[in-house]
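Welcome! Please take a moment to look over the sequence and the 3D view before reading on.

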Amino acid sequence: MRKNLGAKPYTYPQPVYIVATYGEDGTPDAMNAAWGGISDNTQISMCLSAGHKTVKNILARKAFTVSMADADHVVACDYVGVVSGNNTPDKFEKAGFHAVKSEFVDAPLIEELAVAVECKLVSYDEKSCRLVGEIVNVSVDERVLDENGKVDVNKVAPITFDPFQNAYIKLGEKVGNAFKDGLSLK
């Protein structure tokens, strides 16, 4: 038996992205965004409404970074989602984040968050709220690399948004091998 919930934006997993920009005066800003994902080999797309200070900054600077929220910084990551940069211009600092200028785009990397994609603006449609960025670099803090130089998901401890419970869930347990396990059914 199934229960119908109607047309809702309920899917698993929903990544928790922290989108960071610089304001007109060079002040770093960040927001929490759960509606997004990879939309091409070198593109990321998100649904961000035009009223966000971060969106205004992206449109002005044509650049942004997208960091993966993690379990160690869940409070700070949630804070930048519940407080508006329009009203709290120092929310980046209040969250306890520290900015490092990206080498590739005119946007900050967040020192505390280990994995980030650095993006140039491709397009933004105010009507649909769809923002598309070109990924020009992926930046990873060495503290989350394993002995072979690959990202260790357990060290990153990324979180996802659970829209059913309004909760953050930590990822981490490996349950299979991509592009391999299914071959057993051939």
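## Buried or exposed

A word on terms comes first: a residue is called buried when its relative accessible area is under 20%, exposed when the value is over 50%, and partly exposed in between. Take N57 as a starting example: its relative accessibility is 3%, so it counts as buried. Please keep in mind that the model you are looking at is predicted.

Across the protein chain, 39% of the 186 residues are buried. The accessible surface of the chain comes to about 11,100 Å², and 51% of that belongs to carbon and sulfur atoms.

## The overall picture

The protein chain holds four helices and twelve strands. If you follow the C-alpha trace along its principal axes, the span is about 55 × 45 × 30 Å. How does the radius of gyration of the protein chain agree with that of a compact globule? For 186 residues, a compact globule would have a value near 16 Å, and the chain has 17 Å, which agrees.

Contacts tell you about the fold as well. Among contacts with a separation of 6 or more, 57% join residues that are 24 or more positions apart. As for charge, the chain carries 20 positive and 25 negative charges, and the mean positions of these two groups are 8 Å apart.

## Helix α1 and its contacts

Let us return to N57, which sits in helix α1, residues 53–61. Setting aside residues up to four places away in sequence, N57 touches T21, Y22, G23, E24, D29 and K62.

R61 also lies in helix α1. With a relative accessibility of 25%, R61 falls between the two cut-offs of 20% and 50% and therefore counts as partly exposed. Beyond its neighbours within four places in sequence, R61 is in contact with Y22, G23, E24, G26 and D106. You can compare these contacts with those of N57, which include Y22, G23 and E24. For a look across the model, try R61 and L185: they are 124 residues apart in sequence, and their C-alpha atoms are 49 Å apart in space.

## A buried lysine and an exposed aspartate

Is K91 buried or exposed? Its relative accessibility is 3%, so K91 counts as buried. K91 belongs to helix α3, residues 91–94. Its contacts, leaving aside neighbours within four places in sequence, are D29, A30, M31, Y79, V80, V83, S84 and G85. D29 is also among the residues that N57 touches. From K91 to A33 the C-alpha distance is 15 Å, with their positions 58 residues apart in sequence.

D72 has its place in the loop between β6 (63–68) and α2 (74–82). With a relative accessible area of 68%, D72 is over the 50% cut-off and so is exposed. The C-alpha atoms of D72 and A50 are separated by 29 Å, and these two residues are 22 positions apart along the chain.

## Cysteines without disulfides

A disulfide is a covalent bond between the sulfur atoms of two cysteines. How many disulfides does a search of the whole structure find? The search finds zero. C119 is in no disulfide, and the nearest cysteine sulfur, that of C47, is 16 Å away. C119 is buried, because its relative accessibility is 0%.

Why does C129 have no bond to C47? The sulfur of C129 is 4.9 Å from that of C47, its closest cysteine sulfur, and this is too far for a bond because a disulfide needs the two sulfur atoms within 2.5 Å. C129 has a relative accessible area of 17%, so this residue is buried too.

## Backbone details to look for

Most residues other than glycine have a negative phi, and most peptide bonds are trans. Where can you find a cis peptide bond? The bond from Y12 to P13 is cis, with omega near -20 degrees. P13 is found in the segment before β1 (14–15).

A157 is not a glycine, yet its phi is positive, at about 55 degrees. A157 lies in the loop between α4 (153–156) and β11 (159–162), and at 8% relative accessibility it counts as buried. N166 also has a positive phi, near 50 degrees, and is a residue other than glycine. The place of N166 is the loop between β11 and β12 (167–170). At 63% relative accessibility, N166 counts as exposed.

Key. Residues numbered from 1 in each chain as written. Predicted model: local features only at pLDDT ≥ 70, side-chain atom pairs only at ≥ 80, totals over all residues. Heavy atoms only, no water. Helix = DSSP H or I, 4+ residues; strand = E, 2+ residues; numbered from the N terminus. Rg over C-alpha atoms; globule rule 2.2 N^0.38 Å. Buried < 20%, exposed > 50% of the residue type's maximum accessible area, 1.4 Å probe, protein only. Contact = heavy atoms within 4.5 Å. Areas by Shrake-Rupley, 256 points an atom, 1.4 Å probe, with all protein chains shown as cover. Lys, Arg positive; Asp, Glu negative; His and termini not counted. Charge placed at Lys NZ, Arg CZ, Asp CG, Glu CD.
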